[in-house]
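Biologist: Could you take me through one part of this model at close range? I'd like to know what it touches and how its surroundings are put together.

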Amino acid sequence: MARDYYGILGVSKGASDDEIKRAYRKLARQFHPDVNPDPEAQEKFKDINAAYEVLSDDRKRQIVDLGGDPLAPGGGGPGGPGGPGGAGPFVGFQDIMDAFFGGATGAGRGPRPRTRPGADAILRLELDLQETAFGVEAPITVDTAVLCTTCSGAGTAAGTHLATCEACGGRGEVQSVQRTFLGQVVSARPCTVCQGYGTTIPHPCPTCAGDGRVRTRRSLTVKIPAGVEDGMRIRLAQQGEVGPGGGTAGDLYVEIHERPHDVFSRKGDDLHCRVTVPMTAAALGTRLTIKALDSEEPVDVKPGTQPGSTLRLRARGVPHLRGAGRGDLYVHLDVRTPTKLDAEQERMLREFAKTRGEEVAELTKQGGFFSRMRDAFNGHA
């Protein structure tokens, strides 16, 4: 009587390959002799391996679905123990590793594709504040791998083709068989002749030496939107490295680096600058003309303006990258005090101080400010 291999794994007859593999992994972890020393668990583990061997093989599974048992003596035809390739319960090394370490289904099996996606590339682009603020179309030069025009990515010389690897028969891997306490274990490793591709290139393309791509310098134009900031990246789709075998190119990222400006400093979309005004202008008030990025703006300095005061010019900063409007321009005022006065200027300033009731210390005269300070500390009246 044929064994119920579906029942052993606990799956339905319509189970997919993934469902069968997941069920096998779960049961293998539960009943493996290293985990469960119970003699009944060991027998159960053998049945689990046998069920997985059968149900993971399309030909053997078809025999089961027709009511046969491919592992029964004489009952499985070519797939039975007496036929070619039959050697009792079989478990692959990769399946055991997958069961205990959760390997991806089918990972590392079969030939590697020669055509693979390319890598992304990054390019640093230095721009002035004016360019980052209002946008610019900037020319750039990039050194990347591009599709080989001689072979169009095939890697073969004209009139020739890829050849199936004779060492691995096109599988991209070679297998070795060992007998362990689990039974017959098969391990696989990439073929060293074809490097796991399953094919060889008898006559490589003379231009790209079989890689399907060559390195070259290209000139492009990148459109920088208004309002970008230092450190931002602009993505140019499929302008990066072409992949091996002429695979799809990666993306090119242009990283913005904003050069320092002579006048303005930037914080987000706001601009800041410093303007020096004379002491008299701060006291009496004045009107200044501030040259912004794209205009000249009149600014009123009110009488009595103190050092460190800030004037705000709305919407005279950097345009917003997303949405309408602009940041603001902040003008920080430094009040300049004269360092040298002639005799007449000093006299006039002292007279001004007297009218305001402000005493001005005369540091150079005997009995001046420092003399009075000294007398105060010495107790003189």
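Modeller: Happy to! Leaving out residues up to four places away in sequence, isoleucine 48 touches Ile8, Leu9, Tyr24, Leu27 and Phe31; contact here means heavy atoms within 4.5 Å. Please keep in mind that this is a predicted model, in which local features need pLDDT of at least 70 and side-chain atom pairs count only at pLDDT 80 or more, while totals for chains, interfaces and linings use all residues. Residues are numbered from 1 along each chain as its sequence is written, and side-chain values use heavy atoms, with hydrogens and water left out.

Ile48 belongs to the contact between helix 2 and helix 3: Ile20, Lys21, Tyr24, Leu27, Ala28 and Phe31 of helix 2 meet Ala41, Lys44, Phe45, Ile48, Asn49, Tyr52 and Leu55 of helix 3. Helices are DSSP runs (H or I, at least four residues), and strands are runs of E of at least two, numbered from the N terminus. Helix 2 spans residues 17–31 and helix 3 residues 39–55; their axes lie 10 Å apart at an angle of about 165°. Axes are lines fitted to C-alpha atoms, for helices over the stretch in contact, with angles running from 0 to 180 degrees between N-to-C directions. The two helices are therefore roughly antiparallel, a label for angles over 145 degrees, with under 35 counting as roughly parallel, 65 to 115 as roughly perpendicular and the rest as oblique. By class, this contact of helix 2 with helix 3 has ten nonpolar, one polar and two charged residues. Nonpolar covers Ala, Val, Leu, Ile, Met, Phe, Trp, Tyr, Cys and Pro, charged covers Asp, Glu, Lys and Arg, and the others, Gly among them, are polar.

Ile48 is also among the residues with the most contacts inside the largest nonpolar core, alongside Tyr5, Leu9, Val11, Ile20 and Leu55; that core has 22 residues. A nonpolar core is a set of buried Ala, Val, Leu, Ile, Met, Phe, Trp, Tyr and Cys residues joined through side-chain atoms within 4.5 Å, with buried meaning under 20% relative accessible area (1.4 Å probe, protein chains only). Helix 1 (5–9), helix 2 and helix 3 each supply at least two of its residues, and helix 3 gives the largest share, eight residues.

Leu55 also faces another neighbour. The axes of helix 3 and helix 4 (residues 58–65) come within 6 Å and cross at roughly 100°, which makes helix 3 roughly perpendicular to helix 4. Here Glu53, Val54 and Leu55 of helix 3 contact Lys60, Arg61 and Val64 of helix 4.

Note on methods: Buried < 20%, exposed > 50% of the residue type's maximum accessible area, 1.4 Å probe, protein only.
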